[in-house]
Amino acid sequence: MSQPREAIALLYDGGPEAPRITAKGEGELAEQIVQLALEYEVPIYENADLASMLTRMELGDQIPEALYRTIAEIIAFAWHLKGKVPEGFVWPDGDEME
């Protein structure tokens, strides 16, 4: 028997605090979270192992330090897909983004 689908929504505003869990669920609730993300053109990243770790956390919790790099890479990629960069970001060639 396969595991029910799990979904987690994270909120990160680019500030100094770690991303927070804003929604989580499995099965039908997970499907609703994914559908909302699609409707609002929120990038979706699928990783069952990461989802399993994050669903053990409570709503409003910040992601743990052990996951900072993994989550940062996912958020950076999502921002890149949307043409966004953090305020004050400087490309390696020295060009600053606005």
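## Nonpolar core

In this predicted model, the largest nonpolar core has ten residues: Ala18, Ile21, Leu50, Leu54, Met57, Ile63, Leu67, Ile71, Ile75 and Trp79. At least two of these residues come from H2, and at least two from helix H3 (68–81). The biggest share belongs to H3, which gives three residues. In soluble globular proteins, nonpolar side chains tend to be buried together.

Trp79, one of the core residues, also has contacts with residues further along or back in the sequence. With neighbours within four places in sequence left aside, Trp79 is in contact with Tyr12, Gly14, Lys84, Val85 and Pro86.

## Helix H2

Four residues of H2 are buried: Leu50, Ala51, Leu54 and Thr55. Viewed down the helix axis, the buried residues of H2 fall within an arc of 130 degrees, so they line one face of the helix. Ala48 and Asp49, on the other side of H2, are exposed. Two of the buried residues, Leu50 and Leu54, also belong to the largest nonpolar core.

The packing partners of the buried H2 residues are strand E1 (6–11), strand E2 (20–26) and H3. At the N-terminal end of H2, Asn47 acts as a cap. A side-chain oxygen of Asn47 lies 3.1 Å from the backbone nitrogen of Asp49, and Asp49 is itself one of the exposed residues of the helix.

## The loop before H2

Helix H1 (28–39) and helix H2 (48–55) are joined by a loop that contains Glu41. Glu41 is not a glycine, yet its phi is positive, at about 55 degrees. The residue is exposed, with a relative accessible area of 61%.

## Overall arrangement

The secondary structure of the protein consists of three helices and two strands. Along the sequence these follow the pattern β-β-α-α-α. The C-alpha trace spans about 50 × 30 × 20 Å along its principal axes.

Of the 98 residues of the protein, 20% count as buried. The exposed area comes to about 7,600 Å², of which carbon and sulfur atoms supply 53%. Among contacts between residues at least 6 apart in sequence, 49% join residues at least 24 apart.

Technical notes. Residues are numbered from 1 along each chain as its sequence is written. This is a predicted model: local features need pLDDT of at least 70, side-chain atom pairs count only at pLDDT 80 or more; totals for chains, interfaces and linings use all residues. Side-chain values use heavy atoms; hydrogens and water are left out. Buried means under 20% relative accessible area, exposed over 50%, partly exposed in between (1.4 Å probe, protein chains only). A nonpolar core is a set of buried Ala, Val, Leu, Ile, Met, Phe, Trp, Tyr and Cys residues joined through side-chain atoms within 4.5 Å. Contact means heavy atoms within 4.5 Å. The arc is that of the directions from the helix axis to the C-beta atoms. A polar contact is a pair of N or O atoms within 3.5 Å; within protein, one must be able to donate a hydrogen and the other to accept it, and residues adjacent in sequence count only if both atoms are side-chain atoms. Accessible areas come from the Shrake-Rupley method with a 1.4 Å probe; for residues, only the protein chains shown count as cover.
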